[in-house]
Amino acid sequence: MTCCDPTYDLSIVIPVFNEQDALPGLFAALESQVGLSLEIIFSDGGSEDRSTALIDTYRLSSRHRVVLTRGERGRSCQLNRGGQLAHGTWMLFLHADSVWSQADLFFRAVQTLNDERQREDGPVAGHFSLRFSGEALRPRFYRYLSEKAALNLPGTIFGDQGMMLHRTTWHDLNGYDETLPVLEDVELVERLSRSGRMISLPGVLITSSRRYEEDGRLYRQFLNALLLVIFASGQRSLLPVAMGSYRSDHGIARALIVLMQRLWQLPLSAWWCFWYCCGSAVVRYLWVVPFRVYWWRGGSPRLARKLVSRWNVTILTVLDRRLCHSAAAVTLIIVFYLTVLLSLPWCADSVFRRRLSSVKGEIDEFDV
């Protein structure tokens, strides 16, 4: 950066891909912000709808500096591409389907991070609390997800909560890992936590619940848990296999069968290492069980957070041993292969129906 480059209090980087329905609400929320000079960078990954046209129109009317960059699709690539163009002292990585109601949301967040930096040395980053747009539809389920996101624990901090950090920190971390097809946000938090700390910022982001509604709540939670456990196992080359279930019409069953085939190709030591690391991850995430049960029975959010804190200090200390990790690994192996076995008929039926539909289409085409 030269001495003539402009500077801003905050650069907001937003990856975009076919977000024409979400962008008007985001524009309104961005225009409401006061107290900071903002630079807003949209990083488009090849949208095929009116997203880029809407951003071009917004750029002409906004009181902030608005930049649009285009390039390869992929969230981590898009985030890094936008981040390289940032001039702000602070950076915020934000999802396009986020909105908020507080006019001073970013001002208070930057103030909090500045205070935190003065209080203690070392890199610091922050994330907001979260609410889901579907909360009125399914209040208990979405409130549970919001409370879990507010715990500020590993595995509960994701990109939809917004990621705010100093620009020098982001450059020191070399940005997001572009080799990851998913969970690039979790990986960045993991690296940052080794040398710094994550804090909760004041204010709330409202994110869309469309993925839960479209995919199904149970399916989405199972898939998220599967991705997190594979990520924690260190076998990150297997993430695209699980990711395939996002796009496959056979869903999670097909992904599990392909995952079983990939695991079968591993040497026995690597195969056991994978399951052992998965077992270790499950032991570390076991706090989710009492948290969920307690919260689901109507316990107060404050006491639920205390319960998790006590669990991690007392129970986890006892369970975090090689024997427990091995026992969890064996349990996972049994559950995994039983699930695959039970999924085979459903998957075969799905393949048969698809083939039948294809043949029927060819016959119809021939008749025409």
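How many nonpolar, polar and charged residues are in the lining of the second largest pocket? Let's walk there together, keeping in mind that this is a predicted model.

Start with the space itself. The second largest pocket holds about 490 Å³. Its lining is made of 18 residues, and L153, P154, G155, R284 and Y285 are the closest to its centre. Now we can settle the opening question: by class, this lining has twelve nonpolar, four polar and two charged residues. Helices take part as well. Both α7, which covers 184-195, and α9 supply at least two residues each to the lining of the second largest pocket. The helix that gives the most to this lining is α7, with four residues.

Next, follow α9 to one of its partners. Helix α9 spans residues 217-233 and helix α12 spans residues 268-284; their axes come within 8 Å and cross at roughly 120°. Angles of 65 to 115 degrees would count as roughly perpendicular and those over 145 as roughly antiparallel, so α9 and α12 are oblique to each other. The crossing of α9 past α12 is right-handed. On the α9 side, the contact is made by V229, I230, A232 and S233, while α12 brings F274, C277, C278, A281, V282 and R284. Sorted by class, this contact has eight nonpolar residues, one polar and one charged. You have already met R284, as one of the residues closest to the centre of the second largest pocket.

For a contrasting pair, look at helix α1 (residues 23-31) and helix α2 (residues 51-61). Their axes lie 11 Å apart, and the helices pack at an angle of about 25°. Angles under 35 degrees count as roughly parallel, so that is how α1 and α2 are described. Their crossing is right-handed. Here L23, F27, L30 and E31 of α1 meet S51, L54, I55 and Y58 of α2. The contact between α1 and α2 has six nonpolar residues, one polar and one charged.

Finally, let's turn to enclosed space. There is one cavity of 30 Å³ or more, and the largest cavity has a volume of about 50 Å³. Its lining consists of R75, L79, F93, L94, H95, G159, M163, Y176, E184 and D185. These divide into five nonpolar, two polar and three charged residues. Helix α3 (75-84) and helix α7 each supply at least two of the lining residues. That brings us back to α7, the helix that gives four residues to the lining of the second largest pocket.

Note on methods:
Residues numbered from 1 in each chain as written. Predicted model: local features only at pLDDT ≥ 70, side-chain atom pairs only at ≥ 80, totals over all residues. Heavy atoms only, no water. Axes fitted to C-alpha atoms, helices over the stretch in contact; angles between N-to-C directions. Left-handed = near helix turned anticlockwise from the far one by under 90°. Contact = heavy atoms within 4.5 Å. Nonpolar A, V, L, I, M, F, W, Y, C, P; charged D, E, K, R; others polar. 1 Å grid on protein atoms, 1.4 Å probe; cavity = no way out; pocket = protein on both sides within 12 Å on 5 of 7 lines; lining within 4 Å. Points joined across faces, edges and corners; volume = space filled by probe spheres on them.
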